[in-house]
Amino acid sequence: MQIATTFRHMEPSDALKSYAEEKLDRVKKYIDEPIVAQVFLTVEKIRHSAEVTITAKGITIKAAEETNDMYAAIDAVVDKIERQLRRYKERIKEHKPAASDSRDRQIRKTVVAAESIDQRQEPVIIKSNTFSIKPMSVEEAVMQMDLLHKDFLVFTDAGTEDINVIYRRKDGNYGLIEPTKG
């Protein structure tokens, strides 16, 4: 497991870093290798927050916790990650995922220079992201969206190979946008 630890507004501490690595070793039993984990430890006045992002085998899981003690924050965030991974594993067992394809697609967007925004009259893309689109079923897309705590997710339908969008509605249910041909 690769773990990158970032300290914000505090002095780097080997003790905290090794404590976080030791706690994150517990998640190995839920997920296959390779695992990449990013740990952000932040201090703001008396608030100590720990944020963890784990990426492994096509899934990304994020969690954050705040307490008055950094060690307690690390414990709480790892517990939260562990609960999410346990829930994810149970859902995978309940429904057999579609055969995974090695055909991951990548979407790329371009960024317009900030100084040209004031001169233009039409809308401009301010921020862009690059992400890979994994073929998955609608149920898997809903699980991935929940794990990422996002309101929408772009994915490739494993059955039709079309790019779809799943989104969370205001009433708590989900919506699916599917493309039509012609």
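This report walks through a predicted protein model, from its overall layout to a few single residues.

## How to read the model

Because the model is predicted, local features need pLDDT of at least 70 and side-chain atom pairs count only at pLDDT 80 or more, while totals for chains, interfaces and linings use all residues. Residues are numbered from 1 along each chain as its sequence is written, and side-chain values use heavy atoms, with hydrogens and water left out.

## The overall layout

Let's start with the big picture. The protein has three helices and ten strands. Here helices (H or I, at least four residues) and strands (E, at least two) are DSSP runs, numbered from the N terminus. Along the sequence they follow the pattern β-α-β-β-β-α-β-β-β-α-β-β-β.

Of the 182 residues, 33% count as buried. Buried means under 20% relative accessible area, exposed means over 50%, and partly exposed lies in between (1.4 Å probe, protein chains only). Contact means heavy atoms within 4.5 Å. Among the contacts with a separation of 6 or more, 44% are accounted for by residues 24 or more positions apart.

## A sheet of four strands

Four strands make an open sheet with mixed pairing, in the order β1-β2-β3-β4. Two strands pair if DSSP finds at least two bridges between them. β1 (2-8) and β4 (59-67) are at the edges with a single partner strand each, so one side of each has no neighbour in the sheet. From one strand to the next, the twist averages 10°. For angles like this, axes are lines fitted to C-alpha atoms, for helices over the stretch in contact, and the angles run from 0 to 180 degrees between N-to-C directions.

Now look at β3 (residues 47-56), which pairs with β4 in the antiparallel sense over nine bridges. Val52 is opposite Ala63 in β4, and Ile54 is opposite Ile61 in β4. The hairpin of β3 and β4 has two residues between the strands, and in it Lys57 takes a positive phi near 45°. Another residue to find in β3 is Ser49, which counts as buried because its relative accessibility is 18%. Leaving out residues up to four places away in sequence, Ser49 touches Phe40, Leu41, Thr42, Glu65, Glu66 and Met70.

## Helix α1 and its two sides

Which residues of α1 are buried? They are Leu16, Tyr19, Ala20, Lys23 and Leu24. These residues cover an arc of only 130° around the axis, which puts them on the same side of α1. The arc is that of the directions from the helix axis to the C-beta atoms. In general, an α-helix has 3.6 residues a turn, so residues three or four places apart point the same way. The cover over the buried residues of α1 includes β1, β2, β3 and α2, while Asp14 and Glu22 are exposed on the other side of α1.

Lys23 is worth a look: it belongs to helix α1 (residues 14-24) and counts as buried because its relative accessibility is 18%. Not counting residues up to four places away in sequence, Lys23 touches Ile74, Asp75 and Val78.

## The nonpolar cores

A nonpolar core is a set of buried Ala, Val, Leu, Ile, Met, Phe, Trp, Tyr and Cys residues joined through side-chain atoms within 4.5 Å. The largest one here has 31 residues, and those with the most contacts inside it are Leu24, Leu41, Ile54, Ile74, Ile81 and Leu85. Two or more residues of this core come from each of β1, α1, β2, β3, β4, α2 and α3 (138-148). Helix α2 gives the largest share, eight residues.

Follow Ile74 for a closer view: leaving aside its neighbours within four places in sequence, Ile74 is in contact with Leu16, Tyr19, Ala20, Lys23, Leu41 and Ala50. Apart from the largest core lies another, of eight residues, including Val142, Met145, Leu153 and Ile166.

## Helix α3, largely enclosed

How many of the eleven residues of α3 are buried? Nine are, so α3 is largely enclosed by the rest of the structure. Among these buried residues are Glu140, Gln144 and Asp146. Their cover includes β4, α2, β7 (135-136), β8 (152-157), β9 (163-168) and β10 (174-177). After α3 comes His149, with a positive phi near 55°.
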